[in-house]
Amino acid sequence: MNERRRNIRIRARIQCNLMISATGKRFSGITKNISMGGAEFEASESMTRPGNVVTVGTPAMLTFMLRRGGAFQELKLQCRVRFVSANVAGLEYTAAMPTLEQRTALNIMLETRSDRLD
């Protein structure tokens with residue numbers, strides 16, 4: 001089998017939210033794994049149930065609330081749905097991290113498997 005992934009995936013359960021761009025529908029959940037190129041997202045509800053249907057290719061926004069001391073910092077990553085099955089979706093980031101701060105935050109999440117920046 002030919003491996004398509006360019007980035008190493010790290011198993012990590014990090015709280016996040018997925019917002020579907022076209023509908024504004026939001027799903028809360030966790031990552032199952034994460035990399036510099038995408039994430040596998042597990043929603044707290046079905047993404048294939050009528051009224052909640054998410055389709056492959058759909059643009060979305062993955063949001064993490066990162067903790068730094070007692071404060072929170074939002075990290076938003078543009079992505080698109082690569083696969084969806086019940087409450088799990090594979091996400092591919094569609095925009096390069098525009099800032100050094102965002103790249104650094106994602107690297108820390110990969111290294112620590114956590115949403116803590118400190």
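Biologist: Why is Ser114 called buried?

Modeller: Ser114 has a relative accessible area of 19%. Buried means under 20% relative accessible area, exposed means over 50%, and partly exposed lies in between (1.4 Å probe, protein chains only). Since 19% is under 20%, Ser114 counts as buried. Before we go on, this is a predicted model, in which local features need pLDDT of at least 70 and side-chain atom pairs count only at pLDDT 80 or more, while totals for chains, interfaces and linings use all residues. Residues are numbered from 1 along each chain as its sequence is written, and side-chain values use heavy atoms, with hydrogens and water left out.

Biologist: Where is Ser114, and which residues does Ser114 contact beyond four places in sequence?

Modeller: Ser114 sits in the segment after α1. Beyond its neighbours within four places, Ser114 is in contact with Ile14, Arg67 and Met109; contact means heavy atoms within 4.5 Å. The side chain of Ser114 also reaches the backbone nitrogen of Arg116 at 3.0 Å.

Biologist: What makes the pair Arg67 and Asp115 a salt bridge?

Modeller: A salt bridge needs a side-chain nitrogen of Lys or Arg within 4 Å of a carboxyl oxygen of Asp or Glu. For Arg67 and Asp115 the closest N and O atoms are 2.6 Å apart, so the pair meets that limit. Arg67 lies in strand β5 and Asp115 in the segment after α1, so the salt bridge ties together parts that are 48 residues apart in sequence.

Biologist: Are those two partners buried or partly exposed?

Modeller: One of each! Asp115 has 13% relative accessibility and counts as buried, whereas Arg67, with 29%, is partly exposed.

Biologist: How do you know that Glu74 and Lys76 form a salt bridge?

Modeller: Their side chains meet at 3.9 Å, N to O, and that value is within the 4 Å limit, so the pair counts. Glu74 is partly exposed at 47%, and so is Lys76 at 43%.

Biologist: How many salt bridges does the structure hold, and which residues are linked in a network?

Modeller: The structure holds six salt bridges. Lys25, Glu45 and Arg49 are linked in a network of them. Within that network, Arg49 and Glu45 have their closest N and O atoms 3.3 Å apart. Arg49 is partly exposed, with a relative accessible area of 41%, and Glu45 is partly exposed too, at 24%.

Biologist: How do you know that Cys16 is in no disulfide?

Modeller: A disulfide is a covalent bond between the sulfur atoms of two cysteines. Here it is counted when a pair of cysteine sulfur atoms lies within 2.5 Å. The nearest cysteine sulfur to that of Cys16 belongs to Cys79, 9.5 Å away, so the pair does not qualify. The structure holds zero disulfides. Cys16 is buried, at 2% relative accessibility, and Cys79 is buried at 2% as well.

Biologist: What makes a group of residues a nonpolar core, and which members touch the most others here?

Modeller: A nonpolar core is a set of buried Ala, Val, Leu, Ile, Met, Phe, Trp, Tyr and Cys residues joined through side-chain atoms within 4.5 Å. The largest one here has 29 residues, and Leu18, Ile34, Phe41, Leu62 and Phe64 touch the most other members. Among the elements giving two or more residues to this core are β2 (15-20), β5 (59-68) and α1 (100-112). Leu18 touches, among others, Phe41, Leu62 and Cys79. In soluble globular proteins, nonpolar side chains tend to be buried together.

Biologist: Why is Ile30 called buried?

Modeller: Its relative accessible area is 15%, under the 20% limit, so Ile30 is buried. Ile30 lies in strand β3. The C-alpha atoms of Ile30 and Cys16 are separated by 5.4 Å, although the two are 14 residues apart along the chain. Beyond four places in sequence, the contacts of Ile30 include Cys16, Phe41 and Arg13.

Biologist: How many helices and strands does the chain have, and in what pattern?

Modeller: The chain has one helix and seven strands, in the order β-β-β-β-β-β-β-α. Helices (H or I, at least four residues) and strands (E, at least two) are DSSP runs, numbered from the N terminus.

Biologist: Why is the chain called as compact as a globular protein of its length?

Modeller: Its radius of gyration, taken over C-alpha atoms, is 14 Å. The globule rule, 2.2 Å times the number of residues to the power 0.38, gives 13 Å for 118 residues. The two values are close, so the chain is as compact as a globular protein of that length.

Definitions and conventions: Polar contact = N/O pair within 3.5 Å; in protein donor to acceptor, adjacent residues only side chain to side chain.
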